[in-house]
Amino acid sequence: MELNKRVQNLKPSAIRKLLPFAAEAKQKGKKVYHLNMGQPDINTPKEFFEALKNYNTDVISYAPSSGHPELISEVIKYYSNLNISYNTEDVFVTVGGSEAFSFALMAVCNELDEVLMPEPYYSNYNTYMQLLNIKAVPIKTKSEDGFHLPSRNDIEKLITSKTKAILLSNPGNPTGTVYTVDEVKMIADIAKDNNIFVISDEVYREFVYDNHPYLSFASLDYIKENLILIDSISKRFSTCGARIGFLLTKNKELQSAFFQLCQARLAAPIVEQIAATALYQTPKSYLDCVIHEYEKRRDLVYECLSNIEGVFCKKPEGAFYIMATLPVDNAENFIQWMLLDFDYCNETLMVAPAYGFYSTDGLGLNQVRIAYVLNEEDLKRSMKILSKALEEYSTKSKK
Ligand SMILES: Cc1ncc(COP(=O)(O)O)c(C=O)c1O
């Protein structure tokens, strides 16, 4: 029996490919520090669990397709506090940010249409594009530039009659890059002038360090018809497993399309939407502490990496990722070796090989993405292990 070709042709995720080796390492009794996934270790606010405990019903019914009204109303208030105005009809609750960007791509693109994305990008964008037969067109960025954007001219050269949208995450996964106000305005201008959409994934919006200025695309009124905003509670409130995200747009045609898509999958989970509603009562101090914690971790990892011979990275401005170039030919082989053949006092480390965040062949081979989702002590230990591993790997390669 034959299965769908597009699903069969999906490349295995670069991170998941290595997971069996991490399992093998653990089976052999090694401790593995996991810096490979964007799964925060931060406690979820107690407001979420209290709402779950207090939820009392006889029937778990479907929520309205576009979302639980009380959650939507909290989301509107949240945006209003950012001086961004959204109305009820502009907001759709989705099953995580993942469903939000998949719906955005479905609503905007026909097969063989093109979507521009700063590369490296969040690899799941490309997974959905492959499934929908949409062509991902990379806007190449360089680690030496902190993965900031090239000129308007360089980006506009990539636009064809098939280009439907620019999709980007800001702050970025996997780069941690926060685009400057000028960069955000440049993308907005390109979209407006070329009549294409901006799909702006802002799930890491609060994770911005050093008082770096942050501009949401939603603050730019002149692109409101072009803009689709992707949001999620996963990272902001450390609730990755709750699977609640948002799709926001002021474009009426898109609203009808999103409504159809939301109806087709009936509803997002009601219990999690009720608990998510309570998250918006979390005191401001929660997020302030979380941001401070990530900033300290970023500083620590950046400093440790900068002191390892042959490693190159720029200090990222946001999210909780650092891309580092390692003095190895193939980072995937190096990670596999760290898991299977190396230990430092019976401990080792797993990071993400970066080639999975590129579609341009040959790029990212010697880079890794480090997610600083462990406490400072474990991060310090992980960086020590990385340094020892690189030392031993280099001696071994010279033999
Ligand atoms: C940039 C970006 N967008 C969206 C998502 C998906 O988040 P969710 O858990 O809301 O589906 C992630 C998850 O890591 C991400 O990094």
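In the predicted model, Pro120 is found in the loop that runs between strand β3, residues 114–119, and helix α6, residues 123–131. The peptide bond that joins Glu119 to Pro120 is cis, with an omega of about 5 degrees. A cis peptide bond also joins Asn170 and Pro171, and there omega is about -10 degrees. Pro171, for its part, has its place in the loop between strand β5, which covers residues 163–169, and helix α8, which covers residues 181–194. These bonds deserve a remark because most peptide bonds are trans.

A further backbone feature concerns Asn133, which has a positive phi of about 55 degrees although this residue is not a glycine. Asn133 is placed in the loop that lies between helix α6 and strand β4, the latter made up of residues 135–140. The value is worth noting because most residues other than glycine have a negative phi. Helix α6 thus borders both the loop with Pro120 and the loop with Asn133.

Attention now turns to the ligand. The space that the ligand takes is the largest pocket of the model, and 15 residues are found around the ligand, of which Gly97, Ser98, Asp201, Tyr204 and Ser232 come nearest. When the residues of this shell are sorted by character, five are nonpolar, seven are polar and three are charged. Among the elements of secondary structure, helix α5, residues 96–108, gives the most to the shell, with four residues.

Polar contacts to the ligand involve both backbone and side-chain atoms of the protein. A polar backbone atom of Gly97 is 2.6 Å from an oxygen atom of the ligand, while an N or O atom in the side chain of Asn173 is 2.7 Å from an oxygen atom of the ligand. In the case of Asp201, a polar side-chain atom lies 2.5 Å from a nitrogen atom of the ligand. On its own the ligand has 400 Å² of accessible area, and the protein covers 93% of this area. Gly97 and Asp201, which take part in these contacts, are also among the residues that come nearest to the ligand.

On the scale of the chain, the UniProt record, an unreviewed entry, places the feature "domain: Aminotransferase class I/classII large" at residues 31–381. Over residues 31–381 the chain is 36% helix and 17% strand, and the C-alpha atoms at the two ends of this stretch are 11 Å apart.

Notes:
Residues numbered from 1 in each chain as written. Predicted model: local features only at pLDDT ≥ 70, side-chain atom pairs only at ≥ 80, totals over all residues. Heavy atoms only, no water. Near = heavy atom within 4 Å. Polar contact = N/O pair within 3.5 Å; in protein donor to acceptor, adjacent residues only side chain to side chain. Areas by Shrake-Rupley, 256 points an atom, 1.4 Å probe, with all protein chains shown as cover. 1 Å grid on protein atoms, 1.4 Å probe; cavity = no way out; pocket = protein on both sides within 12 Å on 5 of 7 lines; lining within 4 Å. Sits in = over half its atoms within 2 Å of the grid points. Nonpolar A, V, L, I, M, F, W, Y, C, P; charged D, E, K, R; others polar. UniProt positions renumbered as here; feature names shortened; annotations may be inferred.
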